[in-house]
Amino acid sequence: MSQTRKKTSSEGETKPQTSIVNKFLRGSNAESRKEDNDLKTTDSQPSDWIQKTATSETAKPLSSEMEWRSSMEKNEHFLQKLGKKAVNKCLDLNNCGLTTADMKEMGEALEMIPELEELNLSWNSKVGGNLPLILQKFQKGSKIQMIELVDCSLTSEDGTFLGQLLPMLQSLEVLDLSINRDIVGSLNSIAQGLKSTSNLKVLKLHSCGLSQKSVKILDAAFRYLGELRKLDLSCNKDLGGGFEDSPAQLVMLKHLQVLDLHQCSLTADDVMSLTQVIPLLSNLQELDLSANKKMGSSSENLLSRLRFLPALKSLVINNCALESETFTALAEASIHLSALEVFNLSWNKCVGGNLKLLLETLKLSMSLQVLRLSSCSLVTEDVALLASVIQTGHLAKLQKLDLSYNDSICDAGWTMFCQNVRFLKELIELDISLRPSNFRDCGQWFRHLLYAVTKLPQITEIGMKRWILPASQEEELECFDQDKKRSIHFDHGGFQ
């Protein structure tokens with residue numbers, strides 16, 4: 001996820017003609033003027049929404065017809081500048097540097113788009129503190145299906161307002177409040193509102209400063225979110241310990257397909273509680289438990305029970321300090337994960353010398369597309385075993401293979417691997433880079449790699465950072481670059 005572009009604007013610049021919204025949309029003004037006549041007759045143009053709204057509004061008592069017309073003209077002008085963004089029922093103004101002055105104009109414009117289904121205001125810090133001004137015109141029966149407010153500097157008051165608004169948004173399917181740490185103070189209100197969003201399918205609270213108490217608050221709402229497909233609570237480092245007594249309602253998410261708990265400081269007791277819940281989420285397709293180092297010695301039972309998740313397609317468990325017993329349990333369970341497409345074990349040192357435990361999994365994984373074993377302390381025997389698996393026709397669907405930062409593999413091991421990597425016909429990316437502190441001479445295996453590349457029709461990227469090429473091999477690479485018929489990037493960071 002890209003980080004915010006914090007772009008401050010002078011609070012004094014509040015004239016409509018100089019607002020950042022106008023600047024952002026100025027490029028389409030000429031086209032908008034050109035299509036003015038079309039706007040009057042085309043069903044899918046913003047002015048049509050205004051006409052529809054005007055029809056319903058005429059039945060309401062107005063203090064002044066002139067005031068009404070002025071308001072309509074102002075909003076029509078604003079919506080016309082939005083062009084096809086509003087026409088497509090989707091308004092995407094993420095990372096636009098919206099100012100405080102734009103907020104009121106935005107709120108008035110949204111009232112004129114009753115068919116709006118998707119709204120993205122992410123990475124606009126001025127949204128924070130002004131959310132009621134923007135969304136207050138949303139009424140019960142709104143058709144809005146997606147609201148994305150990532151890194152908007154939302155305040156606790158914004159969170160309270162949103163919690164009160166949610167019951168009116170019965171069509172809401174996606175809510176992303178990630179990277180807004182201050183909303184944790186109003187999480188009670190948000191959770192209360194979530195109880196009324198029974199159609200919600202995606203809830204993202206990545207890096208929101210959630211704590212142990214937050215888990216209990218959210219747990220009370222989970223029983224009402226029966227349609228939820230994706231739950232992201234990742235990068236909430238104070239969350240650790242929150243699942244110890246409160247994972248009960250998580251099991252109610254029977255349709256959950258994606259669960260992301262990476263970098264949540266999960267404790268041994270959290271893992272014990274989750275062991276009772278995760279295996280019961282039979283529709284789970286993606287599970288990310290990475291960067292929870294206390295799992296290393298406490299997750300044997302949890303990893304063993306992953307065998308009960310037949311639909312699992314992605315298992316990301318890198319940097320979890322797995323130990324011999326936990327890795328063995330994972331290896332035995334992975335044999336039953338026939339749908340697995342992504343398997344990430346990087347930064348678990350216990351894999352080194354023990355890749356043979358995954359032999360049956362690698363042979364049976366007909367769908368595996370991504371295999372990451374970076375910094376796993378792999379040895380020559382491990383890569384020789386991998387080469388043997390490849391040679392016998394397994395891993396045929398593999399597209400991305402990461403063996404980087406495994407500096408203990410000798411030249412003989414790399415030779416065996418490079419002689420067989422040519423059988424991975426769907427391979428797109430390969431990384432065999434060395435650690436930043438290590439430099440080594442390329443052996444004769446490099447010639448085998450160059451030959452293999454000519455047999456890989458899909459390959460586009462080869463990571464080889466910190467490998468030292470002698471002059472003769474540099475010449476071979478230069479000749480290869482000149483002769484090849486397609487673009488292949490050797491990412492060497494400048495061969496030494």
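The following exercises, with worked solutions, concern helix packing and aromatic pairs in a predicted model.

**Exercise 1. The chain as a whole**

Task: State how many helices and strands the chain has, and what percentage of its residues is buried.

Solution:
- Step 1. The chain contains 19 helices and 17 strands.
- Step 2. Of its 496 residues, 50% are buried.
- Step 3. Considering contacts between residues at least 6 apart in sequence, 86% of them join residues at least 24 apart.

**Exercise 2. Helices H9 and H10**

Task: Classify the packing of H9 and H10 by axis angle, and describe the residues of the contact by class.

Solution:
- Step 1. H9 spans residues 156–165 and H10 spans residues 187–194; their axes come within 7 Å and cross at roughly 15°.
- Step 2. Angles under 35 degrees count as roughly parallel, and H9 is therefore roughly parallel to H10.
- Step 3. The crossing of H9 past H10 is left-handed.
- Step 4. H9 contributes Gly 159, Thr 160, Gly 163 and Gln 164 to the contact, while H10 contributes Ser 189, Ile 190 and Gly 193.
- Step 5. By class, the contact of H9 with H10 has 1 nonpolar residue, 6 polar residues and no charged ones.

**Exercise 3. Helix H17 and its partners H16 and H18**

Task: Describe how H17 packs with H16 and with H18, and give the residue classes of the H16 contact and the H18 contact.

Solution:
- Step 1. The axes of H16 (residues 380–391) and H17 (residues 411–420) lie 8 Å apart at an angle of about 15°, so H16 is roughly parallel to H17. Their crossing is left-handed.
- Step 2. On H16 the contact involves Thr 380, Val 383, Ala 384, Leu 386, Ala 387, Ile 390 and Gln 391; on H17 it involves Gly 413, Met 416, Phe 417 and Asn 420.
- Step 3. The contact of H16 with H17 comprises 7 nonpolar, 4 polar and no charged residues.
- Step 4. Turning to H18 (residues 445–454), its axis and that of H17 come within 8 Å and cross at roughly 15°; H17 is therefore roughly parallel to H18. H17 passes H18 in a left-handed crossing.
- Step 5. From H17, Asp 411, Trp 414, Thr 415, Cys 418 and Gln 419 meet Trp 445, His 448, Leu 449 and Ala 452 of H18.
- Step 6. This contact of H17 with H18 divides into 5 nonpolar, 3 polar and 1 charged residues.

**Exercise 4. Aromatic pairs**

Task: State how many aromatic pairs are counted, and classify the pair Trp 347 and Tyr 405 and the pair Trp 414 and Phe 417.

Solution:
- Step 1. The count comes to 6 aromatic pairs.
- Step 2. The ring centres of Trp 347 and Tyr 405 are 6.1 Å apart, with the planes at 85°. Planes over 60 degrees apart count as edge-to-face, so this pair of Trp 347 and Tyr 405 is edge-to-face.
- Step 3. Trp 347 is in the loop between strand S10 (342–344) and helix H15 (359–364), and Tyr 405 is in the loop between strand S12 (400–402) and H17; the pair, 58 residues apart, links distant parts of the chain.
- Step 4. With a relative accessible area of 38%, Trp 347 is partly exposed.
- Step 5. The rings of Trp 414 and Phe 417 have centres 6.1 Å apart and planes at 80°, so this pair is also edge-to-face.
- Step 6. Trp 414 and Phe 417 both belong to helix H17, 3 residues apart, about one turn of the helix, and both are buried.
- Step 7. Ring pairs join Trp 414 and Phe 417 with Trp 445, Phe 446 and Trp 467 in a cluster.

Methods:
Residues are numbered from 1 along each chain as its sequence is written. This is a predicted model: local features need pLDDT of at least 70, side-chain atom pairs count only at pLDDT 80 or more; totals for chains, interfaces and linings use all residues. Side-chain values use heavy atoms; hydrogens and water are left out. Axes are lines fitted to C-alpha atoms, for helices over the stretch in contact, and angles run from 0 to 180 degrees between N-to-C directions. Helices (H or I, at least four residues) and strands (E, at least two) are DSSP runs, numbered from the N terminus. Angles under 35 degrees count as roughly parallel, over 145 as roughly antiparallel, 65 to 115 as roughly perpendicular and the rest as oblique. A crossing is left-handed if the near helix is turned anticlockwise from the far one by less than a right angle, and right-handed if clockwise. Contact means heavy atoms within 4.5 Å. Ala, Val, Leu, Ile, Met, Phe, Trp, Tyr, Cys and Pro count as nonpolar, Asp, Glu, Lys and Arg as charged, and the others, Gly among them, as polar. Rings of Phe, Tyr and Trp (its six-membered ring) pair if their centres lie within 6.5 Å; planes under 30 degrees apart count as stacked, over 60 as edge-to-face and the rest as tilted. Buried means under 20% relative accessible area, exposed over 50%, partly exposed in between (1.4 Å probe, protein chains only).
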